[in-house]
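Biologist: Before we begin, may I ask you to show me the model and to justify the terms you use for it?

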Amino acid sequence: MSVSRFHPVIASWFADKFGEPTAPQQHGWPAIASGQDVLLTAPTGSGKTLTAFLIAIDRLFRQALTGHLPERIEVVYISPLKALASDIQKNLEQPLAEIYQQAFSAGYLLPEIRAVVRSGDTRPAERQAHLRHPPQILVTTPESFYLALTSPRFLRCLGGVQTVIVDEIHALAPNKRGAHLALSLERLEHEVRRQGHPRPQRIGLSATVQPLELMARFLSGAAAQITASPTTTPLPGKRICRIVSIPPGRALDLAIEKPPGELG
């Protein structure tokens, strides 16, 4: 899959910034674009986070072009790491700013796609501002996400979520934080359905994770149909979780060097 499936402004930005898509992007974008759950594993530094975000950014960008950018949370990004600011600056805020600059140069004036961080360090005044003017993208930790779900006012802001991205999923699945997050994801799904919207798509990201099938079931739930094939037809009553696994591909430079002397 090439960048041509994105809006021309985003495709142009990506080509100027990165050139060609990486392997996780080539294989991950079609799976994510299908709307089904996706577990994406790939080496560190291969662009996994942008792979997960760019489909959603493209959707929000097109809504902004039509003047119908919703003032509600549509994307939730969950990371087990509390130090979110630097990662999000690199993987979300900077790309958004550059895309909007590219759009402005092309003559587009758009409402801003906003992303906010909600963690234990978020001040009460900022949390109140999130309620008054909900962002389109919420960046949070499993614990802060749980607390957001216990707030009736904030829970209403989550009723339109379309995409949930769980980063570093291998660090969550084996422990109590992961079990707690699994319950929070089900609670979010219940609220989204209660407000009349389809079940949110779940995207899991990891650099190293085994076994893949078990991790996919943690992401999507025990009733999920796990597959690595892009053409699998879901069974009745089953949701599909597609596994996209990109193995490490390091170029090797091998040589045999023989010392000139026996004792050299």
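Modeller: The questions that follow concern salt bridges, burial and backbone geometry in this predicted model.

Biologist: How many salt bridges does the structure hold?

Modeller: The structure holds 14 salt bridges.

Biologist: Why is the contact of Asp-37 with Arg-199 called a salt bridge?

Modeller: The closest N and O atoms of Asp-37 and Arg-199 are 2.9 Å apart. The definition asks for a side-chain nitrogen of Lys or Arg within 4 Å of a carboxyl oxygen of Asp or Glu, so the pair qualifies.

Biologist: What makes this a link between distant parts of the chain?

Modeller: Asp-37 lies in strand β1 (residues 37–41), whereas Arg-199 lies in the loop between α8 (176–194) and β6 (201–206); the two are 162 residues apart. Both Asp-37 and Arg-199 are buried.

Biologist: Which salt bridge does Arg-199 form with Glu-189, and where do the two residues lie?

Modeller: The side chains of Glu-189 and Arg-199 meet at 3.1 Å, N to O. Glu-189 belongs to helix α8 and Arg-199 to the loop between α8 and β6, 10 residues apart. Glu-189 is buried, as is Arg-199.

Biologist: Which residues are linked with Arg-199 in a network of salt bridges?

Modeller: The network links Asp-37, Glu-186, Glu-189, Arg-193, Arg-199, Arg-202 and Arg-239.

Biologist: Glu-74 forms a salt bridge with Arg-72. Is Glu-74 buried or exposed, and why?

Modeller: The closest N and O atoms of that pair are 3.2 Å apart. Glu-74 has 0% relative accessibility. Buried means under 20%, and therefore Glu-74 counts as buried.

Biologist: Why is a different term used for Arg-72?

Modeller: Arg-72 has a relative accessible area of 27%. That value falls between the limits of under 20% for buried and over 50% for exposed, so Arg-72 is called partly exposed.

Biologist: What is notable about phi of Glu-168, and where is the residue placed?

Modeller: Phi of Glu-168 is near 50 degrees, which is a positive value in a residue other than glycine. Glu-168 sits in the loop between β5 (163–166) and α8.

Biologist: Why does Glu-168 count as partly exposed?

Modeller: Its relative accessibility is 29%. Because this is neither under 20% nor over 50%, Glu-168 counts as partly exposed.

Biologist: Which residues does a cis peptide bond join?

Modeller: The cis peptide bond joins Gln-210 and Pro-211, with omega about -10 degrees. Pro-211 is located in the loop between β6 and α9 (212–220).

Key. Residues are numbered from 1 along each chain as its sequence is written. This is a predicted model: local features need pLDDT of at least 70, side-chain atom pairs count only at pLDDT 80 or more; totals for chains, interfaces and linings use all residues. Side-chain values use heavy atoms; hydrogens and water are left out. Helices (H or I, at least four residues) and strands (E, at least two) are DSSP runs, numbered from the N terminus. Buried means under 20% relative accessible area, exposed over 50%, partly exposed in between (1.4 Å probe, protein chains only).
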